[in-house]
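Please look through the sequence and the structure shown here before reading on. The report below goes from single residues to the whole chain.

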Amino acid sequence: MDLQPVHHQFALRMVIQEQQITGTKAGCFDPSWSADGKRVAYVEGDFTGGDTGQFEVFISNLAGNDVVQVTDSKAHNWDPCFSSDSSQIVYSSKRGDNWD
């Protein structure tokens, strides 16, 4: 008996309602979803200051009505990431010339 591979084609369609969850005119980037999908961490900042700009980490629920500012420093805070159980968040921070 000669078995031949069977190829199935299918399409996956996901409809997502677009909704702004940030209330700022500053740039928001580096989104990271919590494992449970209920929150998103992101960076908010202004690129016009170059190396002197301030970039802070925030966490928001998906409705955008429960925003928590995680960092508040004169540093570049980037790359937020939730722990696997969504209970903690880590991020990179450039203070002076060092990324910590």
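Is Ser86 buried or exposed? The model shown here is a predicted one, and in this model Ser86 has a relative accessible area of 6%. Ser86 is therefore buried, because the word buried is used for a relative accessible area under 20%.

**A buried serine in a loop**

Ser86 does not sit in a strand but lies in the loop between strand 5, residues 76–82, and strand 6, residues 89–95. The side chain of Ser86 reaches the backbone nitrogen of Ala35, with a distance of 2.9 Å. When the neighbours within four places in sequence are left aside, Ser86 is in contact with Ser34, Ala35, Asp36 and Arg39. Ala35 thus appears in both descriptions, as a residue in contact with Ser86 and as the owner of the backbone nitrogen that the side chain reaches.

**The chain as a whole**

The secondary structure of the protein comes to zero helices and seven strands, and from the N terminus on the elements run β-β-β-β-β-β-β. The protein has 100 residues, of which 29% count as buried. Its accessible surface comes to about 7,800 Å², and 50% of that surface belongs to carbon and sulfur atoms. If one takes the contacts in the protein with a separation of 6 or more, residues 24 or more positions apart account for 26% of them.

**Aromatic rings**

How many aromatic pairs does the structure hold? The structure holds four aromatic pairs. One of them is formed by Phe29 and Trp78, whose rings are 5.0 Å apart from centre to centre, with 45° between the planes, and this pair is tilted. The pair links distant parts of the chain, since Phe29 belongs to strand 1, residues 27–33, and Trp78 to strand 5, with their positions 49 residues apart. Both partners are buried, for Phe29 has a relative accessible area of 16% and Trp78 has a relative accessibility of 18%. Ring pairs also bring in Phe55, so that Phe29, Phe55 and Trp78 are linked into a cluster.

**Two aspartates with positive phi**

Strand 1 and strand 5 each hold an aspartate with a positive phi, namely Asp30 in strand 1 and Asp79 in strand 5. For Asp30 the phi angle is about 60°, although this residue is not a glycine, and for Asp79, also not a glycine, the angle is about 50°. Asp30 is partly exposed, with a relative accessible area of 26%, and Asp79 is likewise partly exposed, with a relative accessible area of 46%.

**Residues apart in sequence**

The table lists three pairs of residues, with their separation along the chain and the distance between their C-alpha atoms.

| Pair | Separation in sequence | C-alpha to C-alpha distance |
|---|---|---|
| Ile89 and Ile59 | 30 residues | 9.4 Å |
| His76 and Val57 | 19 residues | 9.4 Å |
| Asp72 and Gln54 | 18 residues | 9.0 Å |

Ile89 is found in strand 6. Apart from neighbours within four places in sequence, Ile89 is in contact with Ala41, Val57, Ile59, Val70, Pro80, Cys81 and Phe82.

His76 is found in strand 5 and has a relative accessible area of 9%, which means that His76 is buried.

Asp72, by contrast, is found in the loop between strand 4 and strand 5 and counts as exposed, at 67% relative accessibility. Not counting residues up to four places away in sequence, Asp72 touches Gln54 and Glu56.

**A nonpolar patch on the surface**

Which residues make a nonpolar surface patch of about 210 Å²? The patch is made by Val68, Val70 and Tyr91. Val70 has its place in the loop between strand 4, residues 67–69, and strand 5. At 32% relative accessibility, Val70 counts as partly exposed, because that term covers values between the 20% limit for buried and the 50% limit for exposed. Besides its part in the patch, Val70 is among the residues in contact with Ile89.

Conventions: Residues are numbered from 1 along each chain as its sequence is written. This is a predicted model: local features need pLDDT of at least 70, side-chain atom pairs count only at pLDDT 80 or more; totals for chains, interfaces and linings use all residues. Side-chain values use heavy atoms; hydrogens and water are left out. Helices (H or I, at least four residues) and strands (E, at least two) are DSSP runs, numbered from the N terminus. Buried means under 20% relative accessible area, exposed over 50%, partly exposed in between (1.4 Å probe, protein chains only). A polar contact is a pair of N or O atoms within 3.5 Å; within protein, one must be able to donate a hydrogen and the other to accept it, and residues adjacent in sequence count only if both atoms are side-chain atoms. Contact means heavy atoms within 4.5 Å. Rings of Phe, Tyr and Trp (its six-membered ring) pair if their centres lie within 6.5 Å; planes under 30 degrees apart count as stacked, over 60 as edge-to-face and the rest as tilted. Patches are made of residues with over 30% relative accessible area and no salt bridge: like charges are joined within 9 Å, nonpolar side chains (Val, Leu, Ile, Met, Phe, Trp, Tyr) within 5 Å. Accessible areas come from the Shrake-Rupley method with a 1.4 Å probe; for residues, only the protein chains shown count as cover. A salt bridge is a side-chain nitrogen of Lys or Arg within 4 Å of a carboxyl oxygen of Asp or Glu.
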